Amino acid sequence: SQLSYARYGKDNVRLFKVRREDNGMQHITEMTVCTLLEGDIEESYTKADNSPVVATDTQKQTVYVLAKQNPVDPPELFAAILGQHFIDTYSHIHVAHVKIIVHRWSRMTVDGEAHPHSFLRDGTDKRTIEVVARRGQGITIKSGIDGLLVLKSTGSAFYGFHRDEYTRLPETWDRILSTEVQNSWQWKQFKDVEQVRKEQDKFNKCYEAARQITIDTFAKENSPSVQATMYNMCDQILAIAPDTTDIEYTLPNKHYFEIDLSWFKGLKNTGKDAEVYAPQSDPNGLIHCRVSRK
Ligand SMILES: O=c1[nH]c(=O)c2nn[nH]c2[nH]1
């Protein structure tokens, strides 16, 4: 046997940071961090030699210390600082993977005003970051959205698809469409943390824009299919974020089936008369795409 690949670290490191302004306005960030390291660690697997192991607990402690010493917003910058720290600190560690899930806390509006220190969870979705710091090769960053659950009760069609002896699905010009958005955008390569820091304003802007493009397009477009809708979203994000190279969507099609009630005294509940539907937990369509800059 031989070790063909290895990385190890601490997953599900939860942290919460408060930034307090003198004027009383407070800012919070809650995130779950995963750090995974690669390097000259083979003998900790093959020869039970633990000397090269930067313990996963050490990695966890490092996350907390660096979160105290550095800004955690934008999360892309914090992830880059954290990843580069492991490369800079341990000469035998050559690659650091940092994944961050940012949990949604939106500032409350109370009596028409932004409340200084109260927040609410106004959405199921998370903000995601994946950073890889490689010795001598700079920093790659992928940002995204996960778990944005949306539904529209009309404005979605699906017709003109291939039909053969296996096809039963009727064509529809008006259906319910629901999905749970997983969307990500790959940034151009960054040469070092300083470049990430210098360009840090683009990360929050792109996150807000990608989320709004997803919501606006989902709501406004008369969708001819999930495929066409997700391509439309990618196209718009590429257009407003010139420093991104690829956009991806993975969209489950969470079906709501019409229920034929004609057995009950001829009750009409299909097609234009459909009002009562059966939400399906499974099976679900699953549509994926990556759209790249030409
Ligand atoms: O939008 C859709 N795309 C598909 O590929 C599909 N297949 N069944 N229903 C579908 N809806």
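Gln212 is partly exposed, with a relative accessible area of 40%. The residue belongs to helix H5, which covers residues 201–220. In this predicted model, Gln212 can also serve to give a sense of distance across the fold. Ile93 stands 119 residues from Gln212 along the chain, and the C-alpha atoms of the two residues are separated by 39 Å.

**The chain as a whole**

The protein chain contains 6 helices and 12 strands. Its C-alpha trace spans about 75 × 65 × 40 Å along the principal axes. Of the 294 residues in the protein chain, 42% are buried. The accessible surface of the chain comes to about 16800 Å², and carbon and sulfur atoms account for 51% of that surface. Among contacts with a sequence separation of 6 or more, 65% are made by residues that are 24 or more positions apart.

The confidence scores of the prediction are as follows. The mean pLDDT of the protein chain is 98, and 100% of its residues reach 70 or more. For the model, ipTM is 0.98 and pTM is 0.96.

**Two buried strand residues**

Val98 is situated in strand S3, which runs over residues 93–103. Is Val98 buried or exposed? Its relative accessibility is 1%, and because buried means under 20%, Val98 counts as buried. Beyond residues up to four places away in sequence, Val98 touches Val33, Cys34, Thr35, Ala79, Leu82, Gly83, Ile129, Glu130 and Val131. Arg135, by comparison, is 37 residues from Val98 in sequence, and the C-alpha atoms of Val98 and Arg135 are 14 Å apart in space.

Ser178 is found in strand S8, formed by residues 177–187. With a relative accessible area of 2%, Ser178 is likewise buried. What does the side chain of Ser178 reach at 2.9 Å? The partner is the backbone oxygen of Val150. Val150 also appears among the residues in contact with Ser178 once neighbours within four places in sequence are set aside; the full set is Leu149, Val150, Leu151, Pro252, Asn253, Lys254 and Tyr256. One of these residues, Asn253, is also part of the surroundings of the ligand.

**The ligand and its surroundings**

Which residues surround the ligand? They are Phe158, Leu169, Arg175, Ser225, Val226, Gln227 and Asn253. By character, this shell divides into 3 nonpolar residues, 3 polar residues and 1 charged residue. Oxygen atoms of the ligand take part in the polar contacts listed below.

| Residue | Part of the residue | Distance to a ligand oxygen atom |
|---|---|---|
| Arg175 | N or O atom in the side chain | 2.8 Å |
| Val226 | polar backbone atom | 2.9 Å |
| Gln227 | N or O atom in the side chain | 2.9 Å |

The ligand taken alone exposes 270 Å², and the protein buries 74% of that area. The table shows that Val226 offers a polar backbone atom to the ligand, whereas Arg175 offers a side-chain atom, as does Gln227.

**Backbone features in the loops**

Two cis peptide bonds may be examined next. The bond from Asp73 to Pro74 is cis, with omega near 0°. Pro74 lies in the loop that connects helix H2 (56–69) with helix H3 (75–89). Asp282 and Pro283 are also joined by a cis peptide bond, and here omega is about -10°. Pro283 occupies the loop between strand S11 (277–279) and strand S12 (285–292).

Positive phi values form another topic. Ala48 is a residue other than glycine, yet its phi is positive, near 55°. Ala48 is placed in the loop between helix H1 (42–46) and H2. Is Ala48 buried or exposed? Its relative accessible area is 64%, and Ala48 is therefore exposed, since exposed means over 50%.

Lys265, again a residue other than glycine, has a positive phi near 50°. The loop that holds Lys265 lies between strand S10 (256–258) and S11. Lys265 counts as exposed because its relative accessibility is 77%. Both Ala48 and Lys265 are thus loop residues, and exposure is found for Ala48 as well as for Lys265.

Methods:
Residues are numbered from 1 along each chain as its sequence is written. This is a predicted model: local features need pLDDT of at least 70, side-chain atom pairs count only at pLDDT 80 or more; totals for chains, interfaces and linings use all residues. Side-chain values use heavy atoms; hydrogens and water are left out. A residue is near a molecule or strand if one of its heavy atoms lies within 4 Å of it. A polar contact is a pair of N or O atoms within 3.5 Å; within protein, one must be able to donate a hydrogen and the other to accept it, and residues adjacent in sequence count only if both atoms are side-chain atoms. Accessible areas come from the Shrake-Rupley method with a 1.4 Å probe; for residues, only the protein chains shown count as cover. Ala, Val, Leu, Ile, Met, Phe, Trp, Tyr, Cys and Pro count as nonpolar, Asp, Glu, Lys and Arg as charged, and the others, Gly among them, as polar. pLDDT is the predictor's confidence in each residue, from 0 to 100. Helices (H or I, at least four residues) and strands (E, at least two) are DSSP runs, numbered from the N terminus. Buried means under 20% relative accessible area, exposed over 50%, partly exposed in between (1.4 Å probe, protein chains only). Contact means heavy atoms within 4.5 Å.
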